[in-house]
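Please look over the sequence and the model shown here before reading on. The report after it begins with a single residue and then widens to the helices around it and to the whole chain.

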Amino acid sequence: MATTAELFEEPFVADEYIERLVWRTPGGGSRGGSESFDPKRLLEEFVNHIQELQIMDERIQRKVEKLEQQCQKEAKEFAKKVQELQKSNQVAFQHFQELDEHISYVATKVCHLGDQLEGVNTPRQRAVEAQKLMKYFNEFLDGELKSDVFTNSEKIKEAADIIQKLHLIAQELPFDRQVYFSRDNLDIWCNL
């Protein structure tokens with residue numbers, strides 16, 4: 001049907017469409033005068049054209065129904081998928097909350113263990129420091145400074161810190177032991 005394209009032109013005007021149909025039909029127009037006008041032929045053309053339009057309408061209607069069914073099917077599938085995604089999202093959120101609670105629990109345990117380790121480690125560090133000071137104290141009492149801290153001139157600040165701590169310790173000793181840590185004796189050791 002050649003007129004199909006004309007039907008779908010925008011804007012569609014029914015009067016113009018019928019005029020064009022009449023002019024194309026042999027014996028339908030007034031071109032050849034009143035003698036060439038054939039109303040039977042024009043009626044026949046209109047009937048044929050109406051039948052073609054009805055067939056076209058049925059085809060278009062079937063396509064529309066098919067597209068509507070397809071659209072409804074896709075809408076149902078989409079709604080189902082959205083529901084599944086919402087359920088999945090809820091499950092993921094629940095897992096996230098559980099994981100967050102578990103992380104909080106582990107963090108609390110880690111802090112508690114850290115506090116316990118610090119409680120154990122601090123006395124241990126003090127014991128190690130006291131042991132080092134006792135070793136240095138023995139070196140002073142023996143009169144031989146063998147430790148690298150006292151023999152290396154680059155560690156003078158560290159040596160001064162140790163000597164100050166030993167001096168404080170020596171002040172708590174009986175008087176006869178304090179002789180080794182007198183001001184004159186400390187000056188001698190500081191000049192080394």
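## A residue in helix H3

Glu 45 is found in helix H3, in a model that is predicted. Its relative accessibility is 31%, which lies between the limits of 20% for buried and 50% for exposed, so Glu 45 counts as partly exposed.

Leaving out residues up to four places away in sequence, Glu 45 touches Leu 21 and Thr 25. Glu 45 and Leu 21 are 24 residues apart in sequence, while their C-alpha atoms are 8.7 Å apart in space.

## Where H2 meets H3

The contact between Glu 45 and Leu 21 belongs to a wider meeting of two helices, in which Tyr 17, Ile 18, Leu 21 and Val 22 of H2 meet Leu 42, Glu 45, Phe 46 and His 49 of H3. The residues of this contact divide into 6 nonpolar, 1 polar and 1 charged.

Two packed helices are described by the angle between their axes and the distance between the axes. Helix H2 covers residues 14-24, and its axis comes within 10 Å of the axis of H3, the two crossing at roughly 125°. An angle of this kind falls between the limit of 115 degrees for roughly perpendicular and that of 145 for roughly antiparallel, and H2 and H3 are therefore oblique to each other. The crossing in which H2 passes H3 is right-handed.

## Where H3 meets H5

The axes of H3 and H5 also come within 10 Å, and they cross at roughly 85°. Since angles from 65 to 115 degrees count as roughly perpendicular, H3 and H5 are therefore described as roughly perpendicular to each other.

On the H3 side, the contact is made by Glu 129, Leu 133, Tyr 136, Phe 137 and Phe 140, and on the H5 side by Ile 162, Ile 163, Lys 165, Leu 166 and Ile 169. These residues divide into 8 nonpolar, no polar and 2 charged.

## The largest nonpolar core

Which residues make up the largest nonpolar core? There are 11 residues in all, namely Leu 133, Tyr 136, Phe 137, Phe 140, Leu 145, Val 149, Phe 150, Ala 159, Ile 162, Ile 163 and Leu 166. At least two residues of this core are supplied by each of helix H3 (39-142), helix H4 (148-151) and helix H5 (156-171).

Ile 162, one of the core residues, has its place in helix H5. With a relative accessible area of 6%, Ile 162 is under the limit of 20% and is therefore buried. Not counting residues up to four places away in sequence, Ile 162 touches Leu 133, Tyr 136, Val 149 and Phe 150. Measuring from C-alpha to C-alpha, Ile 162 and Phe 150 are 9.4 Å apart in space, and they are 12 residues apart in sequence.

## A buried residue in a loop

Is Ser 147, which lies in the loop between H3 and H4, buried or exposed? Ser 147 counts as buried, because its relative accessibility is 7%. Leaving aside neighbours within four places in sequence, Ser 147 is in contact with Lys 135, Tyr 136 and Glu 139.

## The protein as a whole

The protein has 6 helices and 0 strands, and read along the sequence it follows the pattern α-α-α-α-α-α. Of the 192 residues in the protein, 16% are buried. Among the contacts with a separation of 6 or more, 40% are accounted for by residues 24 or more positions apart.

Conventions. Residues are numbered from 1 along each chain as its sequence is written. This is a predicted model: local features need pLDDT of at least 70, side-chain atom pairs count only at pLDDT 80 or more; totals for chains, interfaces and linings use all residues. Side-chain values use heavy atoms; hydrogens and water are left out. A nonpolar core is a set of buried Ala, Val, Leu, Ile, Met, Phe, Trp, Tyr and Cys residues joined through side-chain atoms within 4.5 Å. Buried means under 20% relative accessible area, exposed over 50%, partly exposed in between (1.4 Å probe, protein chains only). Helices (H or I, at least four residues) and strands (E, at least two) are DSSP runs, numbered from the N terminus. Axes are lines fitted to C-alpha atoms, for helices over the stretch in contact, and angles run from 0 to 180 degrees between N-to-C directions. Angles under 35 degrees count as roughly parallel, over 145 as roughly antiparallel, 65 to 115 as roughly perpendicular and the rest as oblique. A crossing is left-handed if the near helix is turned anticlockwise from the far one by less than a right angle, and right-handed if clockwise. Contact means heavy atoms within 4.5 Å. Ala, Val, Leu, Ile, Met, Phe, Trp, Tyr, Cys and Pro count as nonpolar, Asp, Glu, Lys and Arg as charged, and the others, Gly among them, as polar.
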